Amino acid sequence: MNVELAELISQLRAELTEAMRAGENEELRFEIGPVELELTVAVTKEAKPGAKVKFWVVELGADVTAGSSTTQTIKLVLDPRRKGQKVEISGGEVANEK
């Protein structure tokens with residue numbers, strides 16, 4: 001089963017949002033730092049005019065059989081923010097909290 005890179009990032013965003021909501025009333029808090037993902041992706045492009053390049057996340061050891069594809073390992077570093085602010089998985093700020 002192929003998963004598009006955009007879909008994977010969207011699901012990660014949803015999971016982090018759920019973790020933030022779940023931690024709203026908790027005493028122990030975590031500030032979200034950079035999120036690092038190391039992925040093996042298949043890069044494909046259809047052989048028709050105007051076709052876009054697609055990035056598909058693949059399982060380790062999976063065979064890629066698309067006509068025009070190569071696999072690459074990429075590392076993404078995402079810095080989660082909420083409208084310009086750093087995000088924390090917690091409720092309100094506590095004195096001396098990092």
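The following exercises, with worked solutions, concern salt bridges and the nonpolar core of a predicted model.

**Exercise 1.** Determine how many salt bridges the whole structure holds, and identify the residues whose side chains meet in them.

*Solution.* A search of the whole structure yields two salt bridges. One joins the side chains of Lys54 and Glu4, with an N to O distance of 3.5 Å. Lys54 belongs to strand S4 (residues 53-57) and Glu4 to strand S1 (residues 3-4), so this pair links distant parts of the chain, 50 residues apart. The other salt bridge is formed by the side chains of Glu36 and Lys75, at 3.1 Å from N to O. Glu36 is located in strand S3 (residues 35-45) and Lys75 in strand S5 (residues 69-78); the pair therefore ties together parts 39 residues apart in sequence.

**Exercise 2.** Classify Lys54, Glu4 and Lys75 as buried, partly exposed or exposed.

*Solution.* The class exposed requires a relative accessible area over 50%, and buried requires one under 20%. Lys54 has a value of 34% and is therefore partly exposed. Glu4, at 29%, is likewise partly exposed. Lys75 reaches 52%, so this residue is exposed.

**Exercise 3.** State which residues make up the largest nonpolar core, and which strand gives the most to this core.

*Solution.* The core consists of seven residues: Leu5, Ile32, Val35, Leu37, Leu39, Val41 and Val57. Strand S3 gives the most, with four residues.

**Exercise 4.** List the contacts of Leu5, leaving aside its neighbours within four places in sequence.

*Solution.* With those neighbours set aside, Leu5 is in contact with Leu39, Phe55, Val57, Ile74 and Leu76. Among these partners, Leu39 and Val57 also belong to the largest nonpolar core, as does Leu5.

Key
Residues numbered from 1 in each chain as written. Predicted model: local features only at pLDDT ≥ 70, side-chain atom pairs only at ≥ 80, totals over all residues. Heavy atoms only, no water. Salt bridge = Lys/Arg side-chain N within 4 Å of Asp/Glu carboxyl O. Helix = DSSP H or I, 4+ residues; strand = E, 2+ residues; numbered from the N terminus. Buried < 20%, exposed > 50% of the residue type's maximum accessible area, 1.4 Å probe, protein only. Core = buried A, V, L, I, M, F, W, Y, C linked by side-chain atoms within 4.5 Å. Contact = heavy atoms within 4.5 Å.
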